[in-house]
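Me: I'd like to learn how to read a structure like this one, feature by feature. Could you take me through it?

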Amino acid sequence: MSNLCRDDFDSGPKHIYYIEEGLWLGNLTAAIDLSFLRSNRINNIVTVDSCPLPEIILDLRDIHIKFIQVTDMAGEDILSHFDSAYEFIKNAQEKSSVLVHCYFGISRSASIITAYLMKKYRINFDDAFERVKNKNAAALPNIGFQAQLCLYEILGWKIDKDNMQYKLFRLKIAARKVKKVKILPQDCIDVIKGDPSLISARPDPKVYRCRKCRRIVALQSNVLPHIINEKLSWKDSKWSSNYSDFQLCSETIFVEPMSWMSVNHSENGKINCPKCCSKLGSYSWTMGCQCQCGAKVSPAFYFVPSKIDYSGFLQNVQATV
């Protein structure tokens with residue numbers, strides 16, 4: 001029902017909860033109750049839902065709205081919105097009051113407010129969520145959002161795109177979308193990394209090259225490590241720590257997808273060298289790949305070790321495309 005136009009139905013009873021000075025948590029009915037908004041000096045709204053508020057609210061010049069388009073499903077990416085939501089809420093709270101709402105005021109809006117409290121007070125997920133539960137006993141982020149809130153805590157309350165655990169998370173989100181629409185959507189294009197042969201400023205000390213033509217095909221930082229006979233999961237916090245002491249496998253070399261691979265428009269296929277066209281490996285967004293060591297990696301973009309060399313980077317080398 002939350003996918004319908006907001007003007008087409010009665011949104012039901014109002015649920016509104018005072019979290020702290022200048023910060024409210026509520027449902028859709030609260031967000032469209034003008035008398036309530038006016039009486040509590042709420043002129044900032046964060047909508048976390050599948051569609052925006054009705055025009056009767058959107059057209060009000062004195063109410064500022066941030067729309068975060070997220071459905072209440074465990075596989076949805078709400079984590080990537082935490083930082084921008086924090087800035088909006090912080091600025092709004094300093095000037096007047098802000099309401100954070102979703103359709104029911106239980107999962108999505110509670111997730112955004114929990115993340116906000118975590119970052120504002122530098123506290124962990126459990127402590128922040130307890131503050132929300134004390135105000136709204138029904139608050140309950142879905143299990144996927146809870147895992148993302150725990151990752152946000154591990155990241156130090158700030159998105160770090162170089163963090164291995166976050167990379168794995170974004171790849172999983174992208175894979176789910178590819179499975180649904182058969183191509184990589186634009187909002188996931190950030191998982192495709194640049195061509196390493198064109199990166200010359202302070203490159204990794206070690207690079208991977210096509211064994212036949214010597215073209216650079218990956219940097220060490222592009223490698224996605226895996227442990228023998230263990231499924232690679234973004235929910236595993238070890239990937240946010242120093243994992244070099246673990247028993248990493250080198251039977252298959254899994255890497256991030258890169259722009260030269262041309263993996264945007266199909267669910268699976270071959271990875272060929274862009275210079276000599278030699279087959280270097282394969283990829284699969286949806287099925288993944290099982291390494292000979294028994295580890296399962298999904299999505300998977302991998303090189304066959306016999307097809308590539310691992311060597312030092314030659315400074316001032318002219319990139320060959």
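Me: Let's start with C51: does it count as buried or exposed?

Reply: The idea is to compare relative accessible area with a cut-off: under 20% is buried, over 50% is exposed, and anything in between is partly exposed. In this predicted model, C51 has a relative accessibility of 14%, so it counts as buried. You'll find C51 in the loop between β3 (42–49) and α3 (55–58).

Me: How far apart are the C-alpha atoms of C51 and H15?

Reply: Here you hold two separations side by side, one along the chain and one in space. C51 and H15 are 36 residues apart along the chain, and their C-alpha atoms are separated by 19 Å.

Me: And where is I106 placed?

Reply: Look for the elements on either side of it. I106 sits in the loop between β5 (97–101) and α5 (108–121). With a relative accessible area of 31%, I106 is partly exposed, and together with F104 and L140 it makes a nonpolar surface patch of about 290 Å².

Me: What share of the chain is made up of buried residues?

Reply: For that, step back to the whole chain. Of its 321 residues, 51% are buried. The accessible surface comes to about 15600 Å², and carbon and sulfur atoms account for 50% of that.

Me: Which helices and strands should I expect, and how do contacts fit in?

Reply: Count the elements, then check how contacts span the sequence. The chain has eight helices and 14 strands. Among contacts with a separation of 6 or more, 61% come from residues 24 or more positions apart.

Conventions
Residues are numbered from 1 along each chain as its sequence is written. This is a predicted model: local features need pLDDT of at least 70, side-chain atom pairs count only at pLDDT 80 or more; totals for chains, interfaces and linings use all residues. Side-chain values use heavy atoms; hydrogens and water are left out. Helices (H or I, at least four residues) and strands (E, at least two) are DSSP runs, numbered from the N terminus. Buried means under 20% relative accessible area, exposed over 50%, partly exposed in between (1.4 Å probe, protein chains only). Contact means heavy atoms within 4.5 Å. Accessible areas come from the Shrake-Rupley method with a 1.4 Å probe; for residues, only the protein chains shown count as cover. Patches are made of residues with over 30% relative accessible area and no salt bridge: like charges are joined within 9 Å, nonpolar side chains (Val, Leu, Ile, Met, Phe, Trp, Tyr) within 5 Å. A salt bridge is a side-chain nitrogen of Lys or Arg within 4 Å of a carboxyl oxygen of Asp or Glu.
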